[in-house]
Amino acid sequence: MLTDHYELTMVQAALRSGAASRRAVFEVFARRLPGARRYGVVAGTGRVLDALESFRFGDDELAFLRDNRVVDAPTLDFLASYRFRGRVYGYREGECYFPGSPIMTVEGTFAEAVLLETLILSILNHDCAIATAASRMAHAAGTRPIIEMGSRRTHESSAVAAARAAYLCGFAATSNLMAGHVYGVPTTGTAAHAFTLLHDSEEEAFRAQLDSLGAGTTLLVDTYDVAQAVRTAVELAGPDLGAIRLDSGDLGEAAHEVRAQLDALGAHRTRILVTGDLDEHAIAALAAAPVDGYGVGTSLVTGSGSPTAALVYKLVAREDASGDMRAVAKKSVGKPSRGGRKNAFRRFDETGTAISEVVTVSEIRPPDSRPLQVMLADGGEAVGREKLDDSRAWHREAFGELPSTAHQLSRGDVALPTVFD
């Protein structure tokens with residue numbers, strides 16, 4: 001039922017016209033990259049495959065559709081036995097993509113494939129947007145780790161998916177326990193300002209946290225006076241204090257001051273973590289500051305200004321009356337599509353740097369290229385599911401192939417042109 005009303009009414013009308021059983025090919029792609037970004041990142045593929053295998057209409061759902069007269073009796077009978085039995089191809093999770101990239105291709109009958117439109121788009125539009133933002137942040141951070149901590153700024157289920165997408169693209173950990181439980185994302189966390197305010201003094205709060213979590217913990221030092229808090233923290237924990245966290249003010253200036261104070265107190269190994277409305281631009285601006293790690297929340301879970309990947313799901317080929325497949329495409333102004341089932345390849349120069357995305361209806365592999373699509377589902381069964389850590393490694397490799405223009409955080413042209421052949 002995580003779908004739109006009109007998906008079911010289209011099936012009803014297609015069943016009545018006899019077109020429901022026609023073979024069809026749908027493709028997921030973006031006409032542009034939101035925010036004039038240089039590249040996008042494919043994420044959510046594993047979640048799509050999980051959802052695909054469990055996409056069913058049970059007794060309660062069918063009763064709702066019947067009682068609310070959403071569809072007629074023949075359509076209810078079709079939905080009662082609905083199983084997707086087609087094939088799905090797509091870019092590997094963690095792969096980079098560009099405008100026109102067919103990041104997912106769904107092949108089946110019209111009725112079984114059209115029902116997946118909203119499901120697939122709702123997952124991919126969210127996860128690709130988060131992953132793209134996370135990739136930009138991770139690149140801006142360089143070797144410094146980033147913790148995802150945006151659960152309080154989004155829907156509870158979206159928070160879990162966001163933590164997964166962030167880890168896929170280089171974040172080191174998340175504060176979200178469900179993401180750790182379901183997807184194995186490393187989790188971390190210490191204490192908030194409320195814990196300090198609960199106690200009669202900052203010293204008492206720090207002592208309680210150190211007694212519970214040990215000297216390797218991270219102490220939050222900006223509840224009252226930062227300099228005094230740092231002094232108290234080192235006095236209590238000694239020079240082996242794990243880290244302090246700054247959550248407000250001019251983070252760059254504060255980091256320099258705190259680093260000097262920690263060193264003067266002999267806490268040379270104590271790390272400085274910063275949080276507080278960070279995005280990729282703020283992270284890049286802190287590159288020269290003595291910061292050891294970042295925590296990112298609101299900006300990450302909202303796609304850093306681009307909360308959707310602007311992906312669409314379009315019919316590009318369908319079976320005609322003679323049983324042959326024919327290309328179909330929209331011709332509307334501003335929202336055209338290209339007909340025909342596509343194949344996609346990435347071309348490279350002699351140094352191994354990507355130079356273009358080739359999208360073609362031919363199966364001939366262009367020279368100096370690698371294919372981008374793999375089989376994800378066959379007969380409705382997932383065959384291309386990958387471990388999250390493998391997808392994480394793949395993203396590092398795929399991003400490393402891109403030209404240096406992909407590293408720019410400013411708005412501009414995409415890093416690779418898409419060549420339609």
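A charge is said to sit over a ring if NZ of Lys or CZ of Arg is within 6 Å of the ring centre and within 35 degrees of the ring normal.

**View 1. Arginine charges over aromatic rings in the predicted model.** By that criterion, the charged end of Arg92 sits over the ring of Trp394, at 4.0 Å from the ring centre. In a second contact, Arg392 lies over the face of Tyr167, with 4.1 Å to the centre of the ring.

**View 2. The ring pair of Phe55 and Tyr82.** The search of the whole structure finds 7 aromatic pairs, and in the pair shown here the ring centres of Phe55 and Tyr82 are 5.8 Å apart with the planes at 80°, so the pair is edge-to-face. Phe55 belongs to the loop between helix 2 (45–53) and helix 3 (59–67), while Tyr82 belongs to the loop between helix 4 (73–80) and strand 3 (87–91), so the pair ties together parts that are 27 residues apart in sequence. Phe55 counts as buried because its relative accessibility is 8%, and Tyr82 is likewise buried, at a relative accessible area of 2%.

**View 3. The aromatic cluster that includes Phe55 and Tyr82.** Phe57 and Phe78 join Phe55 and Tyr82 in one aromatic cluster.

**View 4. Two spans annotated as domains in UniProt.** The unreviewed UniProt entry assigns residues 1–125 to "domain: Nicotinate phosphoribosyltransferase N-terminal"; this span is 42% helix and 18% strand, and its end C-alpha atoms lie 18 Å apart. The feature "domain: Quinolinate phosphoribosyl transferase C-terminal" is placed by the unreviewed UniProt entry at residues 130–298, where the chain is 49% helix and 12% strand, with the end C-alpha atoms 11 Å apart.

Terms used: Residues are numbered from 1 along each chain as its sequence is written. This is a predicted model: local features need pLDDT of at least 70, side-chain atom pairs count only at pLDDT 80 or more; totals for chains, interfaces and linings use all residues. Side-chain values use heavy atoms; hydrogens and water are left out. UniProt positions are given in the numbering used here, feature names are shortened, and annotations may be inferred rather than shown by experiment. Helices (H or I, at least four residues) and strands (E, at least two) are DSSP runs, numbered from the N terminus. Rings of Phe, Tyr and Trp (its six-membered ring) pair if their centres lie within 6.5 Å; planes under 30 degrees apart count as stacked, over 60 as edge-to-face and the rest as tilted. Buried means under 20% relative accessible area, exposed over 50%, partly exposed in between (1.4 Å probe, protein chains only).
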